[in-house]
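Here is my note for you, set out as numbered points that are best read with the model open beside the text. Please follow each point on the structure as you go.

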Amino acid sequence: MKFGIATVSIAGNLEEKIEAIAAAGFNGIEIFEQDFIADARPPGEVGARIRNAGLEVMLFQPFRDFEGLPGTLRQKAFDRAERKFDLMQELGCDLVLVCSSVHPEALGGIDRAAADFAELGERAAKRGLRVGYEALAWGRHVNDHRDAWEVVRRADHPSVGLILDSFHTLARRIDPDTIRRIPANRIFFVQLADAPAIEMDLLHWSRHFRNMPGEGDLDVTGFMRAVVATGYAGPISLEIFNDQFRGGPSRTIARDGYRSLVALMDDVRHAEPEARVDLPTFPARTAVEGTAFLEFAAQDEDKVVLEGLLTTLGFRRTASHVSKSLTLWTQGEIRIIVNAEATGHAHSAWVTRGTTVCDLGFEVSSAADALARAQALGTETFRQPLGPGQLDIPAIRGLGGSVLHFLDDSSGLGDVWSVEFDASPDSAGDDAGLLSVDHVAQTMSYEEMLSWSLFYTTLFDMGKTPMVDVIDPDGLVRSQALSTPDGRVRITLNGAETHRTLAGSFLAESFGASVQHVALATDDIFETASALTTHGFLALPIPGNYYADLAARFELEPTLLERISACDILYDRDGRGEYFQLYSRPFAGGMFFEIVQRRGDYAGFGAPNAPFRIAAQKRLMRPKGMPRA
């Protein structure tokens with residue numbers, strides 16, 4: 001199975017695109033005409049450069065407004081085609097994409113279009129070339145792949161075939177199973193794109209909002225199931241028009257594209273087991289069973305501040321590493337490691353970002369399988385020299401240079417706490433009723449959100465919610481939640497568009513740290529709040545205006561409202577349950593802890609409270625415009 005990508009899908013000049021596409025692992029490239037025209041090299045040299053990069057020139061596109069034209073316009077269309085055939089032969093490309101006409105003078109009629117393609121096919125065949133016909137979703141007369149197929153069928157020429165594009169089919173809500181009736185040998189090429197569910201003009205939607213399979217809401221898996229069921233075994237390529245991608249890092253976007261295709265075709269072969277999918281075997285999405293640990297990098301005074309905060313949260317130092325400057329702090333099922341090593345990954349993270357979460361550990365069904373899938377998806381693995389008594393725990397690179405480690409019980413990696421750590425004598429003390437990690441919130445630039453959503457959902461068995469806007473007094477932050485099916489592991493991705501927001505300020509202050517806050521779960525937030533007060537915890541002060549509004553929005557018992565306001569707790573409710581939130585004050589440039597209680601089946605994250613929480617946090621941080629000391 002060969003994977004390709006259209007040059008229009010990523011940013012840069014043609015040379016930069018070629019390099020990025022080759023580095024990502026693709027087999028071939030679709031030359032978008034504008035990219036070629038903008039390049040200074042002659043076609044023969046461009047073709048040679050692509051092949052020297054280990055890529056095929058799979059497709060030249062697009063050739064527009066060809067079929068159904070009257071009189072002299074028809075002859076001019078054939079003349080244009082002959083010139084493009086000259087170019088293709090110099091490039092070393094044997095297939096051209098002809099999209100259905102939108103020309104205002106184009107005439108309808110399947111037989112008329114078929115006759116045009118029969119003649120074009122004959123001309124192409126004399127040069128050893130092929131012609132692929134694609135139905136644009138906004139085509140003047142042909143906007144459905146079924147009509148395009150009928151044109152190809154009636155043209156009845158071996159050099160004329162069909163090109164299928166998932167966006168054009170799915171955007172018009174055409175049943176993809178109709179593809180199953182098309183003979184595989186008449187499908188010359190398949191293009192893929194996903195898109196968010198937005199009601200808008202088809203052309204505008206297509207030109208600005210396409211994204212990688214798995215990043216949007218279209219049933220691209222169902223589309224490809226129908227394609228492979230025909231027996232099609234030709235190239236599968238991405239054609240993505242996206243304003244965000246046009247300005248993004250070309251290598252990252254190309255890598256995401258490759259990852260999306262591998263994950264998609266893996267899903268297809270599991271859903272359509274009788275179809276032939278020529279893809280190396282690798283493990284299915286990994287089941288994540290829990291958050292094994294969070295590791296902070298902190299040294300000197302930073303370490304003192306962090307450990308002081310952990311103490312007020314009811315954590316106790318329960319163990320120290322046998323050979324490294326690592327201490328283990330625990331409460332309930334929660335494990336927090338404080339790493340004060342003077343070398344290695346954590347030290348580099350601290351030097352760059354100050355106190356930061358440098359490592360996340362996940363309990364998975366199989367650590368070996370998780371690593372194997374990550375490698376199959378093109379993810380960078382992580383290793384550093386092992387010290388005495390250390391286990392070799394599989395790890396990969398994550399957001400912002402952080403690391404993700406995989407632990408399981410079957411391989412013995414889950415025994416790391418008894419193998420690598422010695423119990424500490426000062427572990428006694430009362431906790432605060434914190435039980436587990438409810439969710440981890442990762443902050444990034446908005447442009448990175450699709451990439452990291454794809455990263456998690458292709459690697460792990462996790463679903464995603466639609467993006468929502470979080471209102472900051474100084475701008476918007478886009479947020480998307482990812483969760484395992486049982487809700488035991490949740491990750492929220494928060495995309496900042498400006499440094500003026502709390503999320504954007506954190507990114508700037510920390511030079512791109514990944515985790516801005518950690519939410520810890522309790523089953524009685526009032527008991528926890530009382531215990532935290534005893535430990536000297538300082539909650540984020542919430543103004544009385546919030547509670548006056550809360551009383552107006554919800555019919556709360558006066559006693560409950562009084563308890564909430566007395567403890568600086570925020571509250572939300574929906575048709576499924578209730579949500580209580582208590583926040584620490586900001587530390588280390590904008591990091592914070594959150595304590596939550598979920599009642600019933602509440603699955604959200606208290607989004608209506610975010611503007612008031614953010615405003616309260618900003619009141620305690622450095623004023624706008626004040627430089628750091």
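1. Contact here means that heavy atoms lie within 4.5 Å of each other. Please also keep in mind throughout that this is a predicted model.

2. Which residues does Pro213 touch once its neighbours within four places in sequence are left aside? Pro213 is in contact with Leu192, Asp194, Val220, Leu238, Ser260, Leu264 and Leu454. This proline sits in the loop between helix H8 (202-209) and helix H9 (220-229).

3. Is Pro213 buried or exposed? Because its relative accessibility is 4%, and buried means under 20%, Pro213 counts as buried. As for Pro280, which is 67 residues away from Pro213 along the chain, the C-alpha atoms of the two prolines are separated by 19 Å.

4. Turning to the strands, a general remark may help: the strands of a sheet pair through backbone hydrogen bonds, and they do so either parallel or antiparallel.

5. In this model, eight strands close into a barrel, following the order E1-E2-E3-E4-E5-E6-E7-E8, with parallel pairing. From one strand to the next, the twist averages 30°. As one example of the pairing, strand E4 (residues 95-99) and strand E5 (residues 130-134) run parallel and are joined by five bridges, and Cys99 stands opposite Glu134 in E5.

6. Helices lie across these barrel strands. Helix H4 (residues 71-91) lies across strand E3 (56-63), E4 and E5, and runs at about 160° to E3, while helix H6 (residues 145-155) lies across E5 and strand E6 (160-165), running at about 170° to E6.

7. There is also an open sheet, formed by eight strands in the order E14-E15-E13-E9-E12-E11-E10-E16, in which the pairing is mixed. Its edge strands are strand E14 (395-397) and strand E16 (421-423), each of which pairs on one side only. If direction is ignored, neighbouring strands of this sheet are turned by 30° against each other on average.

8. At one edge of the open sheet, strand E10 (residues 316-321) pairs with E16 in the antiparallel sense, over three bridges, and here Ser320 stands opposite Asp422 in E16.

9. What lies across the strands of the open sheet? Helix H12 (residues 300-312) lies across strand E9 (288-297), E10, strand E11 (326-331) and strand E12 (334-339), at about 165° to E12. Helix H13 (residues 344-353) lies across E9, E12, strand E13 (356-364), E14 and strand E15 (403-407), and runs at about 140° to E13.

Definitions and conventions. Residues numbered from 1 in each chain as written. Predicted model: local features only at pLDDT ≥ 70, side-chain atom pairs only at ≥ 80, totals over all residues. Heavy atoms only, no water. Pairing = 2+ DSSP bridges. Helix = DSSP H or I, 4+ residues; strand = E, 2+ residues; numbered from the N terminus. Axes fitted to C-alpha atoms, helices over the stretch in contact; angles between N-to-C directions. Buried < 20%, exposed > 50% of the residue type's maximum accessible area, 1.4 Å probe, protein only.
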